[in-house]
Structures are given as C-alpha cells and as structure tokens.
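Q: I'm new to this structure and would like a close look at one part of it. Could you walk me through the big sheet and what surrounds it?

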Amino acid sequence: MKASVIVFPGSNCDRDIKISLQKFGIKTSMVWHADAKLPKSDLVVLPGGFSYGDYLRCGSIASKSRIMKEVINHSKKGGLVMGICNGFQVLVESGLLPGVLIRNINLKFICRNITVKVTNNKTNFTSKAKRNSVLEIPIAHNEGNYFASKDLIGQLEDNNQIVLQYCDATGNINEQSNPNGSMKNIAGIINKKGNVFGLMPHPERAADSLLGGIDGSLIFKSLK
Amino acid sequence: MKLQVIVTLKKDVLDPQGSAIKNSLSNMGFKNIEKLRQGKTFEITIKEKNEKVALSKAKEMCEKLLANMTIEDYSVKAIKE
C-alpha cells in the first residue's frame, strides 16, 4: 500500500503520521499543498495542525488549495482518504464529509487522552478493532464539536456512518464522556461510500508504547 | 466599488463565543442584553462598476469560501467609500 501525506502551511502532525504509516509497512510520500499532481496512492492522509493559522474557519483555506482538487478526484475514484483533527476539518470544509466542526462547547483547547468507542468496525479504517471496543487516544483541538442538522444526523445513523464516539473508560456514551459538545458524541465519521474517514483523535500519537499508548495502531493496521 | 459582507451563524446553531461575550458584558454591568450573536465582517474592494455584478460576485465568494453554508448565513451590500 502507498500513501501520500498532504503538507499544508501550518500542518504539524505530518511527520508523525509518516512515521506511523511506515511503521505498519505503508510506503509514504509527503506532498506539498501547492503541487498540482498527487503521486500514485492508495491512501491520502490530511494531517493535524493549524493549516493557514486556522484563519477564516479551521481547514477552510486548505480545503481550497491546489492539491485538494486531486484529493477530491482520488476520493471520487474510490481511493482512501483519512483526515485527522485539522485534516477532518479540511474534509468537512471541502464537502468530502458532511457536517461541520465548531468551537468546543467549553471554549477551551482540549489536549488530553480520551476514550472512544468503535461503533462501526466494518470500515477500511477500523476493521482490526473489535466492534464496540474502547480505544484510548489523545485529542488536541479547539474546534472539534461536530455539528449537523437533525436530518443529517439521522442519515449518518441509518447508514452506519458514525465510526467513533466519545465514551468513558467502560464504554458509556453520555454527556459526561463528551469532551467538546459533539452531537451524538461523534469523534469520527465515514462517508456513505466508505472511503473517506475523518476523526478528531490522533491515532499517530498512540501508535507506539514509547508515546504512552498503542491503541491508535489499530487504525493503521486496519488500512487496506 | 466597496462591498460589505456580513457572515453570521444560523439561528439554530450554538454560539459559545457569543454566550461568553454576553456573560462578560453582563458581569460588567450591562444587565439588559437579551441575546448576543457573534459574526464576521469583510470589506471587499472590487474592480467593478456595475453594482449588481459586484454583489453577485460577492455572493459567489460567500458560498464558495467566506461562509460555511451548513452553519452560517451571509448578507452583502455596497457601501459608500
């Protein structure tokens, strides 16, 4: 499997993702946002960070960058796309995923380990995790509060597009285990076709025991 | 021609920043605020003499970049320089 990691001005998790992908045997190249051509890839990763300093709205300017046209084409052909944190924000701004990520309900930048429940493991991104298993992965964001219309939330539920939900250590999904105010405790969703995945937690920060956790590695192992 | 674009959150979208500002104002003694919503303004100077054309360009800018239509509304108007 070959992957491309897109680097925007202000991306800061790009190299961590490269290290994680390579650790799990995925050949990875870095692609600059201004490039016109995407190298042949099975997977494109949009990394975390603060692309364009979060100006206007998080991810909005990056979503209009030159390489994104190629990324959108890649996804239309069925290629895999994964957006982590700021990458998830870029995905919703580009229309590759529905909904929007707004300011955390408590107005705080939250940087800590949280637990998420894998509510859908029948995806190309979570197949190595057990259904309803609980993963401990860090989050680090100010705008991770997933918002969508009631109709859209209904569609996401009907189509099994909610993949990760914030929960407590024993797997309860409730208000207390919701760090940022996300509707339905949403931490990660997939598009209807199943090839575009966006998540706020950082699996690359939990992909090696040296980093204090390995639960994120299940995401990288699932990629296929 | 100079244009003013105002982008605001849709009515049913939570505005935590607006609420925090409202609370702060109320702590400062402004007790009679019923509602406060935060938004953004853009002043755009465009090389275009026809107001109708300029406004339609600004609307296009809003829908493509300046506003996120999932959660935001926008308004555009020409302003005197």
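A: Let's start with the sheet itself. In this predicted model, chain A holds an open sheet of nine strands with mixed pairing, in the order β2-β1-β3-β4-β11-β10-β9-β6-β7. At the edges sit β2 (27-32) and β7 (134-141) of chain A, and each of them pairs on one side only. Going from one strand to the next, the twist averages 25 degrees. Helix α2 (residues 66-76) of chain A packs on this sheet, where it touches β1, β2, β3 (43-46), β4 (80-84) and β11 (196-199) of chain A. The direction of α2(A) makes about 125 degrees with that of β4(A).

Now zoom in on the β2 edge. Strand β1 (residues 2-7) of chain A pairs with β2(A) in the parallel sense, over six bridges. One spot to look for is V5(A), whose bridge partner in β2(A) is M30(A). In general, strands of a sheet pair through backbone hydrogen bonds, either parallel or antiparallel.

A handy residue to click on here is T28(A), which is found in strand β2 of chain A. Is T28(A) buried or exposed? T28(A) has 20 other C-beta atoms within 10 Å, and 20 or more is what it takes to count as buried, so T28(A) is buried. Leaving aside neighbours within four places in sequence, T28(A) is in contact with A3(A), V5(A), K18(A), L21(A) and Q22(A). You can also find S41(A) from there: T28(A) and S41(A) are 13 residues apart in sequence and 8.8 Å apart in space, C-alpha to C-alpha.

K18(A) and L21(A) lead us to the next element. Both are among the buried residues of helix α1 (residues 14-23) of chain A, along with D14(A), D16(A), I17(A) and S20(A). Those buried residues of α1(A) pack against β1, β2, β3 and α5 (217-222) of chain A. After α1(A) comes G25(A), whose phi is positive, near 80 degrees.

Most residues other than glycine have a negative phi. Two loops next to sheet strands are worth a visit with that in mind. The loop between β4 and α3 (86-94) of chain A contains C85(A), whose phi is near 55 degrees, a positive value in a residue other than glycine. C85(A) counts as buried, because it has 30 C-beta neighbours inside 10 Å. Over in the loop between β6 (110-118) and β7 of chain A you'll find N132(A), which has a positive phi of about 65 degrees although it is not a glycine. With 13 other C-beta atoms within 10 Å, N132(A) is partly exposed.

What about the nonpolar core? In soluble globular proteins, nonpolar side chains tend to be buried together. Here the largest nonpolar core has 66 residues, and the members that touch the most others are I6(A), V45(A), M82(A), F88(A), L91(A) and V116(A). Strand β9 (residues 162-167) of chain A gives the largest share of this core, five residues. Not counting residues up to four places away in sequence, V116(A) touches L135(A), I137(A), L164(A), Q165(A), Y166(A), C167(A), A187(A) and P201(A). There is also a second, separate core of eight residues, which includes V5(B), A54(B), A58(B) and C62(B).

Stepping back, chain A has five helices and eleven strands. The radius of gyration of chain A is 16 Å, which agrees with the value near 17 Å that a compact globule of 224 residues would have. The C-alpha trace of chain A spans about 45 × 35 × 30 Å along its principal axes, and 55% of its residues count as buried.

Chain B, by contrast, has 15% of its 81 residues counted as buried. Its elements run β-α-β-α-β from the N terminus on. Chain B is more spread out than a compact globule, because its radius of gyration is 16 Å, well over the 12 Å that the globule rule gives for 81 residues.

Finally, here's where the chains meet. The contact takes eleven residues from chain A and eight from chain B. On the side of chain B, helix α1 (residues 16-27) of chain B gives the largest share, three residues. That side is made up of five nonpolar, three polar and no charged residues.

Technical notes
Residues are numbered from 1 along each chain as its sequence is written. Chains are lettered from A and ligands numbered from 1 in the order in which they are written. This is a predicted model: local features need pLDDT of at least 70, side-chain atom pairs count only at pLDDT 80 or more; totals for chains, interfaces and linings use all residues. Two residues are in contact if their C-beta atoms, placed from the backbone, lie within 7 Å. Helices (H or I, at least four residues) and strands (E, at least two) are DSSP runs, numbered from the N terminus. Ala, Val, Leu, Ile, Met, Phe, Trp, Tyr, Cys and Pro count as nonpolar, Asp, Glu, Lys and Arg as charged, and the others, Gly among them, as polar. Two strands pair if DSSP finds at least two bridges between them. Axes are lines fitted to C-alpha atoms, for helices over the stretch in contact, and angles run from 0 to 180 degrees between N-to-C directions. A nonpolar core is a set of buried Ala, Val, Leu, Ile, Met, Phe, Trp, Tyr and Cys residues joined through C-beta atoms within 7 Å. A residue is buried if 20 or more other C-beta atoms lie within 10 Å of its own, exposed if 12 or fewer, and partly exposed in between; C-beta atoms are placed from the backbone. The radius of gyration is taken over C-alpha atoms; the globule rule is 2.2 Å times the number of residues to the power 0.38.
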